[in-house]
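Trainee: Could you walk me through this one, please? I have not looked at it before.
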2 protein chains.
Amino acid sequence: MPHEQIEASAGPAAASPWDDVAVRLRAGGLRWTPQRRTLIEVLREHEGHVTASELIARCKELDGTTTPSTVYRALDLLEELGLVKHGHGHDGREEYHILPQQVHGHLYCVGCGSTWEIRPETAAVIVDALASQLGFAVDLSHVTISGLCAGCHD
Amino acid sequence: MPHEQIEASAGPAAASPWDDVAVRLRAGGLRWTPQRRTLIEVLREHEGHVTASELIARCKELDGTTTPSTVYRALDLLEELGLVKHGHGHDGREEYHILPQQVHGHLYCVGCGSTWEIRPETAAVIVDALASQLGFAVDLSHVTISGLCAGCHD
DNA sequence: GATCATATCGCGAGGCGTCGCAATAGCGAC
DNA sequence: GTCGCTATTGCGACGCCTCGCGATATGATC
């Protein structure tokens with residue numbers, strides 16, 4: 001086997017936040033295991049939101065020996081590193097936001113079942129209202145707010 | 001522990017919304033069963049919010065034969081009658097609001113674990129913002145929004 | 001390459017919530 | 001009071017999520 005190729009720092013490929021997970025883990029005395037490697041592979045495939053069960057299922061496809069508890073624990077770890085962020089769907093089930101970039105909220109229409117996003121500008125109105133009136137700094141992205149969309153409302 | 005008391009028909013006691021549940025059920029072709037009677041007893045004991053497990057545990061104390069599925073199904077029914085309303089705590093677990101009167105939201109501080117209410121006036125700001133910007137009629141009471149309270153924030 | 005401390009894994013159990021099914025029992029009709 | 005329709009119950013099984021425990025394997029050190 002030839003030596004593994006070292007990524008040249010001049011490489012033009014966009015640096016992915018997943019690339020240095022191994023390093024970051026080891027820096028904290030944590031370990032880079034096959035199970036975590038698999039999970040990162042799976043996360044690379046996704047964008048936006050994924051449910052925990054979807055992640056577990058996909059990991060199991062790739063590995064077969066993956067167990068749910070391992071995935072949940074690895075996700076907790078990645079959340080501490082800021083690479084994912086968990087929230088709850090309208091029914092309380094867990095959802096993971098991959099590479100959370102901007103604050104946005106989630107809406108679920110109980111009429112038609114579709115989901116909507118609260119864009120950052122609108123979210124800001126809500127966050128500001130609660131901050132000024134209650135001094136509470138809310139994290140709108142953690143839950144899915146239910147309601148009726150324009151189409152189902154009238 | 002409150003002792004049992006037979007309700008005198010001549011009693012001028014304020015009519016409780018629970019009093020005519022039996023009638024309302026039968027009016028819809030539904031039935032008034034011992035299990036439902038027990039649940040109503042339990043609900044009479046509470047105000048505000050209760051978790052599903054608390055209700056189930058208390059029903060089991062009173063009856064012993066109560067099973068969770070029966071309680072959940074009865075709660076669904078009462079929700080259709082408008083007597084309770086379910087929501088989700090910060091961790092996604094179910095919570096029941098007893099006799100929901102006014103629209104209010106729920107806040108959970110991830111710092112200290114305390115819970116706060118969003119008063120109707122403040123809730124209105126949020127509801128209006130989403131209504132005017134997205135045409136979405138949200139139900140703020142369905143979920144618990146996480147964040148940091150004034151004390152934990154700074 | 002061998003050693004060792006310990007982070008991590010897989011397993012099993014448990015609580016929560018949902019659903020389908022066969023048996024039971026309200027309750028309206030007679 | 002009895003009958004019969006069918007709403008409801010209890011059970012069992014499942015999926016989701018968490019946790020504790022003993023066994024394993026990472027990776028730092030020599």
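Mentor: We can start with how the model is described, and then take the two chains, the sheets and a pair of helices in turn. This is a predicted model, in which local features need pLDDT of at least 70 and side-chain atom pairs count only at pLDDT 80 or more, while totals for chains, interfaces and linings use all residues. Residues are numbered from 1 along each chain as its sequence is written, chains are lettered from A and ligands numbered from 1 in the order in which they are written, and side-chain values use heavy atoms, with hydrogens and water left out.

Trainee: By what turn can chain B be laid on chain A?
Mentor: A turn of 180 degrees and a shift of 0.1 Å along the axis lay chain B on chain A with an RMSD of 0.1 Å, the copies being superposed by least squares on the C-alpha atoms of residues with pLDDT of at least 70 in both. That is the relation of a two-fold axis.

Trainee: And which C-alpha of chain B is nearest the axis?
Mentor: That of B:Gly92, which is 2.1 Å from the axis.

Trainee: Switching to sheets, what is the strand order in the open sheet of three strands in chain A?
Mentor: The order is β1-β3-β2, with antiparallel pairing; strands here are DSSP runs of E with at least two residues, helices are runs of H or I with at least four, both numbered from the N terminus, and two strands pair if DSSP finds at least two bridges between them. The edge strands are β1 (49-51) and β2 (84-88) of chain A, each pairing on one side only.

Trainee: How many bridges join β1(A) to β3 of chain A?
Mentor: Three bridges join β1(A) to β3 (residues 94-98) of chain A, and A:Thr51 stands opposite A:Glu95 in β3(A).

Trainee: Which strands form the open sheet of four?
Mentor: The order is β6(A)-β7(B)-β4(B)-β5(B), and the pairing is mixed. Within it, β4 (residues 105-109) and β7 (residues 144-148) of chain B run parallel and are joined by four bridges, with B:His106 opposite B:Thr144 in β7(B).

Trainee: Now helices: at what angle do the axes of α3 and α4 of chain B cross?
Mentor: The axes of α3 (residues 52-63) and α4 (residues 68-80) of chain B come within 10 Å and cross at roughly 120 degrees, where axes are lines fitted to C-alpha atoms, for helices over the stretch in contact, and angles run from 0 to 180 degrees between N-to-C directions. That makes α3(B) oblique to α4(B), since angles under 35 degrees count as roughly parallel, over 145 as roughly antiparallel, 65 to 115 as roughly perpendicular and the rest as oblique.
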